Structures are given as C-alpha cells and as structure tokens.
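Work through the exercises below with the structure open beside you. Each one sets a task and then solves it in steps.

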Amino acid sequence: MAELGSSSVSVEGNDSPLFLGIDMSTQQLKAVVVDSSLAVVGHVAVQFDDLDKHNTVKGVYTNPDTKEVTAPVAAWLDALDLALGKMLNAIGQSAMSRIAAISGACQQHATVYWNDSAPSMLAQLDSLSHLADLQAALSIPLSHNWQDASTGAQCRLFEQVVGGSDSLAAITGSRAHRRFSGPQILKLLQVDEPTYNKTSRIALASNFMASVMCGSLVPLEKSDVCGMNLWDIQNQRFDPGILQLFGDTGDLLRKLGPVQEISSNTAVGLVSPYYCSRYSLNPSCAVYAFTGDNPATILALPLAKNDVIVSLGTSTTALVVSENFVPSPEYHLFAHPLEASAPRYMGMLCYCNGALAREKVRDKLNLDPDKTSWDNFNHALVSNAYEESCVGFYFPLSEIVPECDPVIQRYSGTPPKTTEWSAEKDALRIVESQMLSIRHRLAPLLTTDSHCARRVFFVGGGSRNETMCSVMASVLAPQEAYRLNLSDACAAGAAHMAVYCHYVASNHSSSPMSWSDFIQSRWSNDRQVPVTFDKSYPQTAVDAFVRAEFSLLN
Ligand code: XUL
C-alpha cells in the first residue's frame with residue numbers, strides 16, 4: 001500500500017475539548033481534528049485506490065455500457081479504520097481521548113442498503129475484527145455513486161408523476177437527476193425486487209457513516225435528504241405523490257426511517273466502544289448527524305448572502321446560501337444543515353466534468369503523458385486571450401449541467417458554427433465555459449445589481465492553482481475573490497459542525513448563538529487568501545455562452 005499523507009501539530013499539555021470531522025468523498029476519506037478555535041491539530045487522508053483489494057479506479061467501478069457507477073462500501077469502512085489509526089499515530093492517545101464530538105460530510109446521493117442483521121451487528125461492533133466485516137449487514141455490497149447516469153427512465157417517471165420538472169423542483173428543490181437517490185432506489189425496485197425486499201433500511205452515505213460511528217441505525221439528515229428527489233423541503237415530509245411510484249409507500253417509509261430536523265439539537269448517539277478500545281476515543285464522545293459533502297462545505301467559512309463557494313474537486317460545485325425558496329429546474333435547493341432561520345436554504349450547481357475534464361486538457365499540453373504539472377496549462381491560460389463568441393464544451397463524461405451525453409465541441413461566430421482550434425487554446429476555453437455556466441445559472445439566486453457574486457471563495461484540490469483561480473475569478477466577475485487557506489474545506493466544515501453542535505449542546509440553559517453568528521465569531525480572516533484578477537472580462541461573453549450551449553443541445 002502507498003504511504004498515506006498525514007500532518008499534525010503538538011497538542012500536548014492541554015485538556016480542552018477537540019473535535020473530529022470525517023470527509024468521505026468520491027476518491028478518499030479524510031479526517032481532521034480541530035480545537036474549539038477551529039485551528040487544525042491533525043489531518044489524515046486515505047485514498048480508496050490505495051486499498052489494493054478493492055480495485056477501484058478513482059474510488060469507483062464504472063460500466064460505460066450501462067452508465068452505472070458504483071463504489072464498494074467495504075472500501076469506505078477499511079478507509080475509516082485506517083484513517084483513525086493514522087490519526088491516533090499523528091496526534092497521540094491523550095488528544096484522541098479529548099475528542100468531545102464527531103460529525104461528518106459524505107458524498108451525496110449514494111445509497112447503502114442494510115439488511116435485517118444491521119441493528120444487531122452494529123450493536124456488537126466491538127466484537128468485529130474490522131469495520132469491513134459489516135458488509136454482512138448489507139443487502140448489496142455496492143453503493144450507487146453520484147456519477148451514475150443509468151436512471152434516465154426512472155427520472156422521467158419522477159417528473160411525470162408530479163406534472164413536470166418545474167413541479168418536482170418546487171417540491172424537492174431539484175428536477176429529476178439521474179444520480180439522485182430516489183430514481184436510484186426505484187431502479188433497484190424495478191430491476192432487482194428480491195434485493196429491494198430484503199433491504200430493511202436504506203441509508204445515504206451520510207447516515208450510514210454516522211451509524212457506523214455510533215453502532216446503531218441513525219436518522220437521515222435534513223440537508224442531505226434533499227438530494228433524493230423524494231423529500232418535500234417546505235412541508236418537511238416525504239412527498240406522498242412521488243412515493244406512489246414505489247407501490248407500497250408504507251414499506252418505503254419504513255425503509256427510509258426518520259429524518260432529523262435540526263442537526264445541532266441532539267447527538268445521534270455516543271461513539272461505539274469499538275473506537276474506544278482501538279483508537280482511544282472517549283466513551284462520552286458524542287456523534288452528531290453527518291451531512292452531505294456540499295452542505296458541509298458551506299460550513300467551512302462565514303458564507304453570507306451573495307457569496308459563492310466554487311469547489312474544485314472531482315466534481316465542480318458552486319454553492320450559495322439563500323434566504324428564499326426560489327426553486328428552478330436549473331439548479332438545486334437544499335435545506336441549510338445548521339440554520340433554522342434565514343438563510344435557511346443552500347443553492348447548488350453540480351458539474352460532473354470538473355477536474356477530470358481540465359486534467360485531460362492539461363495532459364494534452366504536457367509532452368510526457370505521466371506528467372501532472374499544471375505549468376503548461378497555466379502558461380496557455382495566460383498567453384491566450386478572450387476571443388469574441390469562441391466557446392468550447394469539454395464533457396468527456398456525461399454531464400449533469402446541462403444534462404447531456406459525453407461531447408467535446410468548439411464553436412465560433414454568431415450564430416455559432418462548430419469549429420476547431422489548437423490544444424493551446426483549450427486551456428482558456430475550458431476554464432471560461434465552466435465559469436460562464438456558473439455565472440449564468442446562479443444569477444437568479446444573487447441579489448447584487450450585477451447578479452454576480454459579492455465574494456467568491458475557491459476551495460478543493462483545484463484551488464491550489466493560483467493562476468487558474470485568477471482567470472476563473474475574472475470570468476465570474478465578483479467584487480472580491482479568495483482562496484481558502486484550509487487543507488480541506490469539506491472536512492473543515494464537518495469538524496465545524498461538531499464544534500457548533502457541542503457548543504449548542506453545552507448551552508442548553510442560555511440561548512445559543514445562531515450558526516452564522518457562531519462561525520463569524522470564531523473566524524479569522526487569515527484563513528482566506530485574496531485572489532487578484534482582471535476586472536475587464538466582457539459581459540457579452542455570457543450571451544455568447546448561452547447561444548453556443550443552445551446550439552450544443554439542439
Ligand atoms: C452533488 C454531487 C457531488 C457529490 C460529490 O449533487 O453529486 O458533488 O456530492 O461527492
């Protein structure tokens with residue numbers, strides 16, 4: 001197995017509480033420990049592809065013929081054991097025993113199917129030799145991954161049953177999406193009813209991992225549940241009209257179990273003895289609800305109205321907080337994981353062709369295909385200029401926004417005509433079109449005069465590329481742009497959730513601060529690094545983008 005990275009600072013000689021955030025994303029599981037001032041005291045990561053026996057590629061198994069993308073649940077469990085062992089090595093037993101609360105952020109939409117033996121196996125976790133033995137409590141060893149695009153037929157049924165994509169977005173916050181859990185669960189019922197029937201509980205990755213931490217089945221979480229196309233966000237219930245698609249709605253409701261309304265009110269449990277004997281966690285350590293990786297990312301920093309986070313991970317996501325429920329088939333709305341009053345919603349765009357598509361352009365520009373340096377890509381970015389009405393689309397994988405099959409297409413002129421240009425020009429064109437799509441689609445959720453963001457924060461692996469962030473900022477045209485000086489915003493958000501939930505739980509008698517006031521009070525501006533950028537990017541680029549995208553789709 002490859003050597004896995006870890007880092008820590010000394011935490012000796014102190015007995016104040018610490019907090020653990022777990023980030024279980026597509027390609028890796030990360031864990032971060034912070035103190036109550038949100039300073040990181042330990043950070044470790046385990047790549048799923050380094051776990052040889054699971055044979056994953058970028059964390060998943062892909063079947064291009066069926067468009068199915070799945071992930072082995074046992075790899076997540078092996079990674080959790082390994083990451084906790086690494087954290088113990090990094091920060092030591094006494095710091096591990098100071099961890100007072102745990103929360104987590106997991107890849108969204110991924111479903112895990114428990115069988116009848118789940119409650120008893122979870123209760124006896126301590127008797128297992130490895131977490132991966134829990135595989136015996138699953139009715140399917142694989143989880144459907146968010147990159148799965150095999151549920152087109154089920155999506156059509158979801159929209160038909162409520163009268164179209166607008167209605168589905170108005171109820172669930174999103175039009176039907178192939179990766180969303182509801183269409184995935186319906187497909188399982190239609191293609192493999194015996195497995196559906198022997199499933200006693202259907203979890204999302206988030207409440208699955210929280211269950212594994214506390215050794216009992218825990219509820220779905222109120223923000224991540226919005227990624228299922230099943231949950232009526234405003235009425236806070238599974239929508240009876242949509243549930244009809246499943247026949248026996250009572251059975252599905254039992255399988256889904258309850259939804260926890262406000263994550264910070266109560267812990268979902270205490271940590272299982274399994275982790276106390278092996279990793280020195282304290283038996284009084286509380287486990288709070290785990291949420292999705294995107295809802296957790298907005299908890300990494302004080303995100304105010306008209307601020308946008310652009311997360312440059314395997315997927316590109318753009319995230320905003322919103323005071324009003326303004327649904328649209330063009331984007332997603334989720335309940336905010338920690339706010340009970342305004343801003344109570346999170347708006348999101350999620351692109352499948354983020355980092356991997358940019359890497360393909362980078363690899364073409366690197367003479368040695370094994371070279372992963374961004375120097376040539378960055379050089380091409382700054383030595384090419386904006387060209388009127390030249391728009392390129394780079395979707396080596398099926399795309400979510402807009403929904404379409406894999407395609408690479410370059411356009412120029414008005415009306416747009418397909419064309420070709422050199423690989424050199426692709427660097428700027430891919431960054432432009434990725435950002436123009438965000439700028440155009442998020443405009444309805446932004447209330448600035450320009451309908452561009454007030455502040456943009458770049459996070460995720462791609463945000464390490466300063467040159468690229470500068471070009472991205474010029475296209476997005478915010479008033480200010482920053483890169484976050486955090487090793488991992490999503491894991492940080494999960495850890496911040498643990499800090500806040502512990503703070504609320506410890507302040508039962510007084511009235512605790514809202515999440516926004518709390519994060520603002522503990523935030524220090526040295527965590528955000530300003531990005532300088534050219535403010536003269538032409539506004540007409542947005543119209544040219546819209547015209548070219550129309551040509552691509554029609
Ligand atoms: C969001 C989405 C992805 C995954 C990545 O809808 O599908 O961002 O959450 O883990």
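A salt bridge is a side-chain nitrogen of Lys or Arg within 4 Å of a carboxyl oxygen of Asp or Glu. The model used here is predicted.

**Exercise 1. Decide whether the side chains of Arg410 and Asp426 meet in a salt bridge, and state which elements the pair ties together.**

Step 1. The distance from N to O for Arg410 and Asp426 is 3.0 Å. The cut-off is 4 Å, so the pair meets in a salt bridge.

Step 2. Arg410 belongs to strand E23 (residues 407–412) and Asp426 to helix H15, so the bridge ties together parts that are 16 residues apart in sequence.

Step 3. Both Arg410 and Asp426 are buried.

Step 4. A further group, Glu387, Lys425, Arg429 and Glu432, is joined into one network by salt bridges that share partners.

**Exercise 2. Describe the salt bridge of Asp78 with Lys53 and classify each partner as buried or exposed.**

Step 1. The closest N and O atoms of Asp78 and Lys53 are 3.1 Å apart.

Step 2. Asp78 sits in helix H1 (residues 73–91), while Lys53 sits in the loop between strand E4 (40–47) and strand E5 (61–63), so the bridge ties together parts that are 25 residues apart in sequence.

Step 3. Buried means under 20% relative accessible area, and exposed means over 50%. Asp78 has 12% and is therefore buried. Lys53 has 63% and is therefore exposed.

Step 4. This bridge is one of the salt bridges in the structure; a search of the whole structure finds 20.

**Exercise 3. Apply the accessibility classes to the salt bridge of Arg362 with Asp363.**

Step 1. In this pair the closest N and O atoms are 3.0 Å apart.

Step 2. Arg362 has 7% relative accessibility, so this residue counts as buried.

Step 3. Asp363 has a relative accessible area of 31%, so this residue is partly exposed.

**Exercise 4. Find the largest cavity and describe its lining.**

Step 1. The whole structure holds 5 cavities of 30 Å³ or more. The largest has about 140 Å³ of space.

Step 2. Its lining has 16 residues, and those nearest the centre are Tyr351, Phe395, Ser433, Gln434 and Ser437.

Step 3. Strand E22 (391–395), helix H15 (423–442) and helix H19 (540–553) are the elements that give two or more residues to this lining.

Step 4. By class, the lining of the largest cavity has 8 nonpolar, 6 polar and 2 charged residues.

**Exercise 5. Do the same for the second largest cavity.**

Step 1. The volume of the second largest cavity is about 110 Å³.

Step 2. It is lined by 13 residues, with Asp148, Ala149, Arg178, Glu399 and Ile400 closest to the centre.

Step 3. The lining of the second largest cavity divides into 4 nonpolar, 3 polar and 6 charged residues.

**Exercise 6. Describe the two largest pockets and state what helix H13 gives to each lining.**

Step 1. The largest pocket has about 1300 Å³ of space. Among its 48 lining residues, Leu312, Gly313, Thr314, Gly460 and Gly461 are the closest to the centre.

Step 2. Helix H13 (355–365) gives 4 residues, the largest share of the lining of the largest pocket. That lining has 15 nonpolar, 23 polar and 10 charged residues.

Step 3. The second largest pocket has about 490 Å³ of space. Of its 22 lining residues, Thr62, Gln147, Leu356, Pro396 and Leu397 are the closest to the centre.

Step 4. Here H13 gives 5 residues, again the largest share. The classes of the second lining are 10 nonpolar, 6 polar and 6 charged.

Methods. Residues numbered from 1 in each chain as written. Predicted model: local features only at pLDDT ≥ 70, side-chain atom pairs only at ≥ 80, totals over all residues. Heavy atoms only, no water. 1 Å grid on protein atoms, 1.4 Å probe; cavity = no way out; pocket = protein on both sides within 12 Å on 5 of 7 lines; lining within 4 Å. Points joined across faces, edges and corners; volume = space filled by probe spheres on them. Nonpolar A, V, L, I, M, F, W, Y, C, P; charged D, E, K, R; others polar. Buried < 20%, exposed > 50% of the residue type's maximum accessible area, 1.4 Å probe, protein only.
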